[in-house]
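Grab a pencil and work through these exercises with the model open beside you. Each one sets a task and then walks through a solution.

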Amino acid sequence: MKRHSEEEQGVVDRGEHAGGSGGVAGSERVAGGREDGAGGREDGGAAPVGVAPEHGGRRREAARRLGIPKEELLDFSASINPLGPPEAAVGAVRRTLAEIPYYPEERAGSLTELIAGFLGIAPEEAVPGNGSIELIYWLAAVLRPRSVLIVEPTFSEYRRACEAAGARCQSFAVRPEDGFQLDVTRLDPRGHDMVFVCNPNNPTGQLILAEDLSYLWQKCRSAGAALVVDEAFIDFVGPGASLLFRGAAGCAAGNGGVPAGLFVIRSFTKSFALAGLRVGALAAAVDSARRLRDSMPPWRINVLGQAAAAAALAEGDYLARTRKETARLRARLQADLAAIDGVEPLPSAANFILCRVAGRNAGAVTAGLERQGILVRDCRSFAGLEDGYIRVAVRAGHENHQLITALNKIMAAGDGR
Ligand SMILES: Cc1ncc(COP(=O)(O)O)c(C=O)c1O
């Protein structure tokens with residue numbers, strides 16, 4: 001096994017990732033499953049047992065497999081606000097249907113102002129996107145980092161976006177025995193142009209405290225590495241958890257603007273349940289934001305997306321209600337999952353829960369649930385979670401109950417051993 005010079009700090013080659021002494025791992029993907037199935041693991045069964053897909057939310061494919069309407073499925077594989085989109089957003093979409101023949105605002109200037117107000121940054125520091133995924137890809141394409149360090153297991157698209165832009169990616173593995181908590185004192189950004197962390201992290205649900213992130217940001221700044229913090233799920237935690245929160249130690253917008261080299265990604269598709277409409281945002285220093293905007297084509301966010309997001313952001317108490325309701329539903333779901341023999345749910349700060357299904361094949365458990373019309377995220381495609389983990393979204397109470405009943409049946413029957 002090839003060793004890196006950082007060995008003394010717990011740095012290991014990619015092959016040791018799953019075994020987990022922690023630290024940095026080499027550039028190859030451990031879990032290969034791509035959206036199209038290429039490179040996926042083959043365990044000898046039919047999909048979805050054999051191939052771990054890269055993303056959840058694949059209702060249409062599952063409905064086709066089962067030969068039922070997609071509306072009959074319960075989708076726990078994509079983590080979307082259980083309250084659904086704000087009524088004001090749906091109303092705005094209806095009213096905007098008449099705008100379909102017309103071009104949207106080229107740079108979504110009105111929405112950008114609202115986003116900036118929502119995030120507490122200047123409009124010049126905000127870049128709206130067609131979902132946050134678009135901004136992750138643009139960031140990599142425009143900044144063209146050569147060496148990227150990614151805290152994993154996490155959202156696979158950081159690696160894909162950076163590799164597509166020509167970067168070599170390394171993994172800094174957080175370990176199950178540490179509860180997947182990131183120890184920021186162990187992460188060494190030296191030698192990298194860019195570091196990616198997701199907070200709270202998908203799929204582990206772990207939250208990095210703002211002061212730890214500030215410490216990490218100072219380390220990145222000293223090492224000359226950009227820090228990208230993906231806060232796609234932060235609205236489920238609260239405004240104070242965001243690195244953009246005024247007063248967050250040392251690097252918040254309120255303390256003199258977003259500093260050069262820090263990039264914060266936000267998504268409105270999860271917290272406002274607008275996944276089909278695709279709106280997200282990026283916060284960056286004025287010069288970096290301008291450079292990104294200048295590289296992007298016009299009209300990226302369509303009229304319906306712009307209208308829905310604008311209305312959603314103006315909904316005063318919707319996110320506060322979301323947090324209260326999600327916390328209540330999550331606590332109940334957590335307790336019910338923990339009561340199932342063989343299921344170990346991890347604590348989560350977000351609207352999803354990572355569960356260890358000890359001694360079971362995650363693909364087989366996922367397939368068993370799918371046969372009962374329930375979709376969960378088989379986590380085998382996440383580096384470091386190659387087997388024995390599923391992720392479930394927090395949904396409405398009666399739906400969570402259906403998940404519990406179905407999972408109980410599967411675990412009691414010994415399916416997926
Ligand atoms: C952590 C994380 N970031 C970003 C995204 C992209 O979300 P969107 O493009 O819908 O904003 C996702 C989607 O699942 C995600 O899990």
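pLDDT is the predictor's confidence in each residue, from 0 to 100. This is a predicted model, where local features need pLDDT of at least 70 and side-chain atom pairs count only at pLDDT 80 or more, while totals for chains, interfaces and linings use all residues. Residues are numbered from 1 along each chain as its sequence is written.

**Exercise 1. Find out what pLDDT the chain averages, and over which residues pLDDT stays under 50.**

Step 1: the chain average is a pLDDT of 87, and 85% of the residues score at least 70.
Step 2: go to residues 1–22, where pLDDT stays under 50 and the model has 48 contacts beyond four places in sequence. Two residues are in contact if their C-beta atoms, placed from the backbone, lie within 7 Å.
Step 3: pLDDT also stays under 50 over residues 26–48, with 59 contacts beyond four places in sequence.

**Exercise 2. Work out how the axes of H3 and H8 are arranged, and which residues meet.**

Helices (H or I, at least four residues) and strands (E, at least two) are DSSP runs, numbered from the N terminus. Axes are lines fitted to C-alpha atoms, for helices over the stretch in contact, and angles run from 0 to 180 degrees between N-to-C directions.

Step 1: the axes of H3 (residues 109–119) and H8 (residues 303–313) come within 10 Å and cross at roughly 30°.
Step 2: H3 and H8 are therefore roughly parallel to each other. Angles under 35 degrees count as roughly parallel, over 145 as roughly antiparallel, 65 to 115 as roughly perpendicular and the rest as oblique.
Step 3: on the H3 side you have Ser110, Leu111, Leu114, Ile115 and Phe118, which meet Gln306, Ala309, Ala310 and Leu313 of H8.
Step 4: sorted by class, this H3–H8 contact has seven nonpolar, two polar and no charged residues. Ala, Val, Leu, Ile, Met, Phe, Trp, Tyr, Cys and Pro count as nonpolar, Asp, Glu, Lys and Arg as charged, and the others, Gly among them, as polar.

**Exercise 3. Do the job again for H10 and H11: what is the angle, and which residues meet?**

Step 1: H10 (residues 362–371) packs on H11 (residues 397–413) at an angle of about 130°, with the axes 10 Å apart.
Step 2: that makes H10 and H11 oblique to each other.
Step 3: Val365, Gly368 and Leu369 in H10 meet Ala406, Leu407 and Ile410 in H11.
Step 4: the residues of this contact split into five nonpolar, one polar and no charged.

**Exercise 4. List the residues around the ligand and sort them by class.**

Step 1: pick out Gly131, Ser132, Ile133, Phe155, Cys198, Asn202, Asp230, Ala232, Ser267, Thr269, Ala275 and Gly280. A residue is near a molecule or strand if its C-beta atom, placed from the backbone, lies within 6 Å of it.
Step 2: this shell has five nonpolar, six polar and one charged residues.

**Exercise 5. Locate the cis peptide bonds at Pro200 and Pro203, then the positive phi at Arg278.**

Step 1: most residues other than glycine have a negative phi, and most peptide bonds are trans.
Step 2: the bond from Asn199 to Pro200 is cis, with omega near -10°, and Pro200 is in the loop between strand S6 (194–198) and helix H6 (210–223).
Step 3: Asn202 and Pro203 are also joined by a cis peptide bond, with omega about 15°; Pro203 lies in the loop between S6 and H6.
Step 4: Arg278 is not a glycine, yet has a positive phi of about 70°. Look for Arg278 in the loop between strand S8 (262–267) and strand S9 (280–283).
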